[in-house]
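User: I would like to go through a structure with you, one topic at a time. Could you begin with the term we will need for the cysteines?

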Amino acid sequence: MVKIKICGLMTKEDCVIMNGFKPDYCGFVFANSRHFLTDKKAADLRNALDMSIPAVGVFVDDDISHIVDLYNSAIIQIIQLHGHEDAAYINELQKKIADSNPDKRRHYDEFGEGAPIMKAIRVKDGSEFDKVEKLPVEMLLLDSFHENLQGGTGQRFELSMIPKLRKNYFLAGGLSADNIPQALMQSRPYAIDVSSNVETEGHKDWKKVEKLMRVMEVYRPWSQLV
């Protein structure tokens, strides 16, 4: 069954909406964008967000020690890398998390031992997929390419460019309740990732989230059968 990630939470009111609808994941953005959160703000939101909903920390070429601190503080449970992070960076991040608290049970166990890491791939022409399977991550996130943005473009890309991938992937890029059914017919994501399309004036909109969740109730089990 396709899972749901709602990214870009910014207020406690956003968390109240999430607690009501219970998406599978929520996203905290620590990169330079309109959804940027300070560590203190993210900690406040983590306390307001239902503990059963894992928080995904979104980073762009961030300092590894910063990510480790947020993970070990249980502010985030999953790590999403949205910059130019390569295999060496990812290996170092995994090692520093393990070395910093090797006896501590991880906060989120769906993907096995160690810190669950997701690497974002900005899809431009399909050549981006040549090396992604070799990255030492549990998951991928497929988003639209933009020359000046690392993510959050609100634009879709041609889904026919997605090859058969061994790794689970999150599908992002301009998804909304209106176009998700078509997207699920054209691809087989592990999860869909939405942000701005469930917002009004920069904040999560209860009615838009409700519409998304109602559509997903119908299409996410059906999508596995076609």
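Analyst: A residue is called buried when its relative accessible area is under 20%, and exposed when that value is over 50%. The model discussed here is a predicted one. By this cut-off Cys-15 counts as buried, because its relative accessibility is 0%.

User: And is Cys-7 buried or exposed?

Analyst: Cys-7 is buried, with a relative accessible area of 8%.

User: How many disulfides does the structure hold?

Analyst: The structure holds zero disulfides.

User: Why is there no bond from the sulfur of Cys-7 to the closest cysteine sulfur?

Analyst: The distance is too great: the closest cysteine sulfur belongs to Cys-26 and lies 8.8 Å from that of Cys-7, which is too far for a bond. The cut-off applied to a pair of cysteine sulfur atoms is 2.5 Å.

User: What about the sulfur of Cys-15?

Analyst: The closest cysteine sulfur to that of Cys-15 is also in Cys-26, here at 7.3 Å, so this pair is too far apart for a bond as well.

User: Let us turn to the overall fold. How many helices and strands are there?

Analyst: The protein has six helices and ten strands. Eight strands form a closed barrel with parallel pairing, in the order S1-S2-S3-S4-S5-S6-S7-S8. On average, neighbouring strands of this sheet are turned by 25° against each other, direction ignored.

User: Which strand pairs with S1 at residues 191-194?

Analyst: That is strand S8: S1 (residues 3-6) and S8 (residues 191-194) pair in the parallel sense over four bridges. Within this pairing, Lys-3 stands opposite Ala-191 in S8.

User: And on the S7 side, what is the bridge partner of Phe-170 in S8?

Analyst: The bridge partner of Phe-170 is Ala-191. Ala-191 therefore faces Lys-3 as well as Phe-170. S7 and S8 pair in the parallel sense over two bridges.

User: How many residues of S6 are buried?

Analyst: Six of the six residues in strand S6 (residues 139-144) are buried. In a regular strand the side chains alternate between the two faces of the sheet. In S6, Met-139, Leu-141 and Asp-143 lie on one side, Leu-140, Leu-142 and Ser-144 lie on the other, and both faces are covered.

User: Which strands flank S6, and over how many bridges?

Analyst: Strand S5 (residues 117-123) runs parallel to S6 and is joined to S6 by six bridges. Strand S7 (residues 168-171) also runs parallel to S6, with four bridges between them.

User: Which residues stand opposite each other there?

Analyst: Between S5 and S6, Arg-122 stands opposite Asp-143. Between S6 and S7, Leu-140 stands opposite Tyr-169, and the bridge partner of Met-139 is Asn-168.

User: Now to helix H1. Which residues of H1 are buried?

Analyst: The buried residues in H1 are Asp-14, Cys-15, Ile-17 and Met-18. They lie on the same side of H1, because they cover an arc of only 160° around the axis.

User: What does the face turned away from that side carry?

Analyst: That face of H1 carries the exposed residues Glu-13, Val-16 and Gly-20.

User: What happens to the backbone just after H1?

Analyst: Just after H1, Lys-22 takes a positive phi of about 55°, although Lys-22 is not a glycine. Lys-22 is found in the loop between helix H1 (12-21) and strand S2 (25-29). It is partly exposed, with a relative accessible area of 41%.

User: What is the phi of Ala-74, and where is that residue?

Analyst: Phi of Ala-74 is near 65°, again a positive value in a residue other than glycine. Ala-74 sits in the loop between helix H3 (64-72) and strand S4 (78-81). With a relative accessible area of 26%, Ala-74 is partly exposed.

User: Finally, what are the values for the whole protein?

Analyst: Of its 226 residues, 53% count as buried. The protein exposes about 10900 Å², and carbon and sulfur atoms supply 50% of that area. Among contacts between residues at least 6 apart in sequence, 60% join residues at least 24 apart.

Key:
Residues numbered from 1 in each chain as written. Predicted model: local features only at pLDDT ≥ 70, side-chain atom pairs only at ≥ 80, totals over all residues. Heavy atoms only, no water. Buried < 20%, exposed > 50% of the residue type's maximum accessible area, 1.4 Å probe, protein only. Pairing = 2+ DSSP bridges. Axes fitted to C-alpha atoms, helices over the stretch in contact; angles between N-to-C directions. Contact = heavy atoms within 4.5 Å. Areas by Shrake-Rupley, 256 points an atom, 1.4 Å probe, with all protein chains shown as cover. Arc of directions from axis to C-beta.
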